[in-house]
Amino acid sequence: MSSGNDAKEVKEAGRIQLEEILVRFNELREYANILASTINTYLTQQRELQLALETLKNLPEDGGEGYIILDRLSSAMIPAVINKEWSKGILVHLGLGYYLKADKAKALEIISKRSSNIERVLGELQKRYSVVLEELNRLQQLLSRGYGGSQSKGGG
């Protein structure tokens, strides 16, 4: 009788452990999805900052005529005249709806710092994401073994 109860307790403990692993797996999967979404958001911001930097660097100092893209998909562009003094009056977004009027050098400095900060955050997020994926893989292996083991015990 005692050995039957022991076997039942071991089986029950194994089932509980598998359930705990499954709960942890689901939590990590959700966290991984949140991290991936956050990384994509920062990557988009990083691309936008790089585009702003390259545009500012390549605009002719003496102004001229050109086109302004109205949206990110470049669906429409309108003609524009760039003032000869444009490099002295750039509005730079500082965050939270605040802007600073700056010259070209200061604007490049501010945008470069924001870009560096985003790169640092992205690096940390990507490291965290990698760790989460590794743990997810380990848990998935445990679940596969546990599920396979319970199937063979239940079938036999």
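User: Which residue forms a salt bridge with lysine 88?
Analyst: This is a predicted model, in which local features need pLDDT of at least 70 and side-chain atom pairs count only at pLDDT 80 or more, while totals for chains, interfaces and linings use all residues. Residues are numbered from 1 along each chain as its sequence is written, and side-chain values use heavy atoms, with hydrogens and water left out. A salt bridge here is a side-chain nitrogen of Lys or Arg within 4 Å of a carboxyl oxygen of Asp or Glu. With its closest N and O atoms 2.9 Å apart, the partner of lysine 88 is glutamate 85.

User: Is lysine 88 buried or exposed?
Analyst: Buried means under 20% relative accessible area, exposed over 50%, and partly exposed in between, with a 1.4 Å probe and protein chains only. Its partner glutamate 85, at 44% relative accessibility, counts as partly exposed. Lysine 88 has a relative accessible area of 58%, so this residue is exposed.

User: How many helices and strands does the chain have, and what pattern does the chain follow along the sequence?
Analyst: Helices (H or I, at least four residues) and strands (E, at least two) are DSSP runs, numbered from the N terminus. By that reading the chain has two helices and four strands. Read along the sequence, these elements follow the pattern α-β-β-β-β-α.

User: In which element of the chain is confidence highest?
Analyst: pLDDT is the predictor's confidence in each residue, from 0 to 100, and the chain averages 85, with 83% of the residues scoring at least 70. Confidence is lowest in H1, at a mean of 83, whereas the highest value, 95, belongs to S4.

User: Which parts of the chain does the salt bridge of lysine 104 with glutamate 61 link?
Analyst: The closest N and O atoms of lysine 104 and glutamate 61 are 2.6 Å apart. The two residues are 43 residues apart, and the pair links distant parts of the chain. Lysine 104 counts as buried, at 13% relative accessibility, whereas glutamate 61 counts as partly exposed, at 43%. The parts linked are helix H2 (residues 104-155) and the loop between helix H1 (2-58) and strand S1 (64-69).

User: Which residues are joined into one network by salt bridges that share partners?
Analyst: The side chains of glutamate 109 and lysine 113 meet in a salt bridge at 3.3 Å, N to O. Because these two residues are four apart in helix H2, about one helical turn separates them. Salt bridges that share partners extend this pair into one network, made of Lys106, Glu109 and Lys113.

User: Which element gives the most to the largest nonpolar core?
Analyst: A nonpolar core is a set of buried Ala, Val, Leu, Ile, Met, Phe, Trp, Tyr and Cys residues joined through side-chain atoms within 4.5 Å. The largest has 24 residues, and those with the most contacts inside it include Leu56, Ile90 and Val132. The elements that give two or more residues to this core are H1, strand S3 (90-95) and H2. With 11 residues, the element that gives the most is H2.

User: Which residues does leucine 108 touch, leaving aside those up to four places away in sequence?
Analyst: Leucine 108 lies in helix H2, and its relative accessible area of 17% means that this residue is buried. Although leucine 53 is 55 residues away in sequence, the C-alpha atoms of the two leucines are 6.3 Å apart. With contact meaning heavy atoms within 4.5 Å, leucine 108 touches Leu53, Leu56 and Lys57.

User: What distance separates the C-alpha atoms of leucine 142 and leucine 18?
Analyst: Leucine 142 is also placed in helix H2, and with a relative accessible area of 38% this residue is partly exposed. Beyond its neighbours within four places in sequence, leucine 142 is in contact with Leu18 and Ile21. Leucine 142 and leucine 18 are 124 residues apart along the chain, and their C-alpha atoms are separated by 8.4 Å.

User: Which residues make the nonpolar surface patch of about 470 Å²?
Analyst: Patches are made of residues with over 30% relative accessible area and no salt bridge, like charges being joined within 9 Å and nonpolar side chains (Val, Leu, Ile, Met, Phe, Trp, Tyr) within 5 Å; accessible areas come from the Shrake-Rupley method with a 1.4 Å probe, and for residues only the protein chains shown count as cover. Leucine 100, found in strand S4 (residues 98-102), is partly exposed with a relative accessible area of 33%. The patch is made by Leu94, Leu96, Tyr98 and Leu100.
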